Each structure stands twice: as structure tokens, then as C-alpha cells.
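I opened the file to go through one strand and a handful of charged side chains. These are my entries, in the order in which I looked things up.

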Amino acid sequence: YSQEDSGDDYLFKIVLIGDSAVGKSNLLARFARDEFYPNSKSTIGVEFQTQKIEIKGKEIKAQIWDTAGQERFRAVTSAYYRGAVGALLVYDISRRQTFQSIGRWLNELHTHSDMNVVSILVGNKSDLKDAREVSTEEGKLLAESEGLFFMETSALDSSNVTAAFETVVKEIYNILS
Ligand code: GDP
Ligand code: MG
């Protein structure tokens, strides 16, 4: 181990959770590869993808896990959560049902991982303005009451995607340093 070692100092496991088709795989594709799949099926899901992020001159590797469609069976394995230090809880602003599921995902997260896992509530598909079923205010309120960060994103038009992942990574880094 060398103090001059500029990289490899930090590896943060971050999990994506939320109902099927809220856009988890596309958020990861947009963040890690700047790609978007208009008609994606769960098959595009990868197990995880590692993305380098620089914070205060430190290189951090964010290892971001995707469910690869497991959530359709209502059972994401405990191995998925093991060792996670961050989580993105994703819903679709155009489908209220996916927002109502957030409580269940939070329970599952807290059952399988440390209570202190840094979490952000993500209202995805903010580009679908005419189909919106969940207001920004509702998202904010839920986040406040559960102690989560909050952001609305669009994997389609890229808005806030990098910011959402970086918010989690920066906060984990702040806690650890
Ligand atoms: P997952 O099941 O949560 O991984 O969801 P996917 O990433 O597979 O996305 C489900 C569907 O929603 C796909 O048809 C995507 O193209 C679409 N989608 C994902 N993100 C967005 C977004 O931000 N805006 C819009 N309009 N569609 C999206
Ligand atoms: Mg997926």
C-alpha cells in the first residue's frame, strides 16, 4: 500500500432498486455509457457496471448494481444488497403505483443492508410531462420524511442522471473521510 497510490482507494457498491420498468437499467446505461434503449427489455440488464468518479482529486469507483429484471419476481436476493453503501430508489413519475411501492423497497433495503446506506429517491421519466401522476412536491415530501436525498431524472433526455449518482457517491465519500 502506498500513499501516492492515486486510484483504487475507494470502491463503493451502489444498488438500483424499484419496480419493473421504472428505468433503472436505462439510468445505469445513461450514466455509465451515455446510452438509452427506447424499448428495452430486462435482458439489457447487466449485473453491475463500474464507473470512475473523481471527488476532491480522489478517484472513486462506483460499482453500480442492476437487478437485471429480478424485481419482476418480487424477490431481489439478499446477495444483491450485501455490502451496499448506497442506493437509488427509483419510481416512474408517470405511474403512481411505482411511487407507492417505494415504502416496500425501503423496507427491503433496510432488511438486507446497513441502516446507514446512503439513499436517494429518484423520480425518473421527468420528460413525460403530460403523463405525470406524481408531483415533484410529493416526491420531496416522501424523501424528507424518510431521510433520503431526492431528484427527478430522465434517462431519455439525460437530465439529472449524473447528478443523482454523484450525490450518492459524494455523500458516501463525505461520511467516510
Ligand atoms: P427497469 O425495468 O427499471 O430496468 O426499466 P428499463 O430501464 O428497462 O426501462 C423501461 C422502459 O422505460 C424502457 O422502454 C425505457 O426505454 C423506458 N424509459 C427508461 N427511462 C426513461 C425515461 O427517463 N424517460 C422515458 N420517456 N422513458 C424511459
Ligand atoms: Mg432493468
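The notes below start with a strand and its partners and then move to charged residues.

**Entry 1: strand 5**

I noted at the outset that this is a predicted model. I looked up strand 5, residues 118-124, and found seven of its seven residues buried, so the strand is largely enclosed by the rest of the structure. I then checked each face separately. On one side Val118, Ile120, Val122 and Asn124 are buried, and on the other Ser119, Leu121 and Gly123 are buried as well, which leaves both faces covered.

**Entry 2: the partners of strand 5**

I looked for the strands that pair with strand 5. Strand 4, residues 86-92, runs parallel to strand 5 and is joined to it by seven bridges. I picked out glycine 86 and found that its bridge partner in strand 5 is valine 118. Strand 6, residues 149-152, is also parallel to strand 5, with four bridges between the two. Here I noted glycine 123, whose bridge partner in strand 6 is glutamate 152.

I also looked at the connection from strand 5 to strand 6. Together with helix 5, residues 136-146, the two strands make a β-α-β unit, and that unit is right-handed.

**Entry 3: lysine 13**

I went next to lysine 13, which is in strand 1, residues 10-17. What is the nearest side chain of opposite charge to lysine 13? I found glutamate 47, at 8.4 Å. A salt bridge needs a nitrogen and a carboxyl oxygen within 4 Å. Lysine 13 is buried and has no salt bridge.

I then checked what the lysine 13 side chain does reach, and found the backbone oxygen of arginine 82 at 2.8 Å. Leaving aside neighbours within four places in sequence, I listed the contacts of lysine 13, among them Gln63, Trp65, Tyr80, Tyr81, Arg82 and Val85. Gly86, the residue I had noted in strand 4, is also one of these contacts.

**Entry 4: arginine 30 and serine 158**

I looked up arginine 30 in helix 1, residues 24-33. Its relative accessible area is 15%, so I entered arginine 30 as buried. Its side chain makes a polar contact with the side chain of aspartate 34 at 2.9 Å. A further polar contact goes from the arginine 30 side chain to the side chain of serine 158, at 3.1 Å. Not counting residues up to four places away in sequence, arginine 30 touches Glu35, Phe36, Ala155, Leu156, Ser158 and Val161.

I followed this to serine 158, which is in the loop between strand 6 and helix 6. Serine 158 is partly exposed, with a relative accessible area of 31%. I noted its backbone too: phi is positive, about 80°, although serine 158 is not a glycine.

**Entry 5: salt bridges**

How many salt bridges does a search of the whole structure find? I got eight. I wrote up some of them.

Aspartate 19 forms a salt bridge with arginine 104, with the closest N and O atoms 3.6 Å apart. Aspartate 19 lies in the loop between strand 1 and helix 1 and arginine 104 in helix 4, so this pair ties together parts that are 85 residues apart in sequence. Aspartate 19 is buried at 11% relative accessibility, whereas arginine 104 is partly exposed at 30%.

Arginine 132 forms a salt bridge with glutamate 152, and the closest N and O atoms are 2.9 Å apart. I noted that this pair links distant parts of the chain, with arginine 132 in the loop between strand 5 and helix 5 and glutamate 152 in strand 6, 20 residues apart. Glutamate 152 is buried at 12%, while arginine 132 is partly exposed at 32%.

**Entry 6: the network at aspartate 92**

Which residues are linked with Asp92 in a network of salt bridges? I found Arg95 and Lys125. The closest N and O atoms of aspartate 92 and arginine 95 are 3.3 Å apart. Aspartate 92 is buried at 2% relative accessibility, and arginine 95 is partly exposed at 32%.

I finished with lysine 125, in the loop between strand 5 and helix 5. Lysine 125 is partly exposed at 23%. Its phi is near 70°, a positive value in a residue other than glycine.

Note on methods
Residues numbered from 1 in each chain as written. Chains lettered and ligands numbered in written order. Heavy atoms only, no water. Buried < 20%, exposed > 50% of the residue type's maximum accessible area, 1.4 Å probe, protein only. Pairing = 2+ DSSP bridges. Right-handed = clockwise from strand over helix to strand, strands pointing away. Lys, Arg positive; Asp, Glu negative; His and termini not counted. Polar contact = N/O pair within 3.5 Å; in protein donor to acceptor, adjacent residues only side chain to side chain. Contact = heavy atoms within 4.5 Å.
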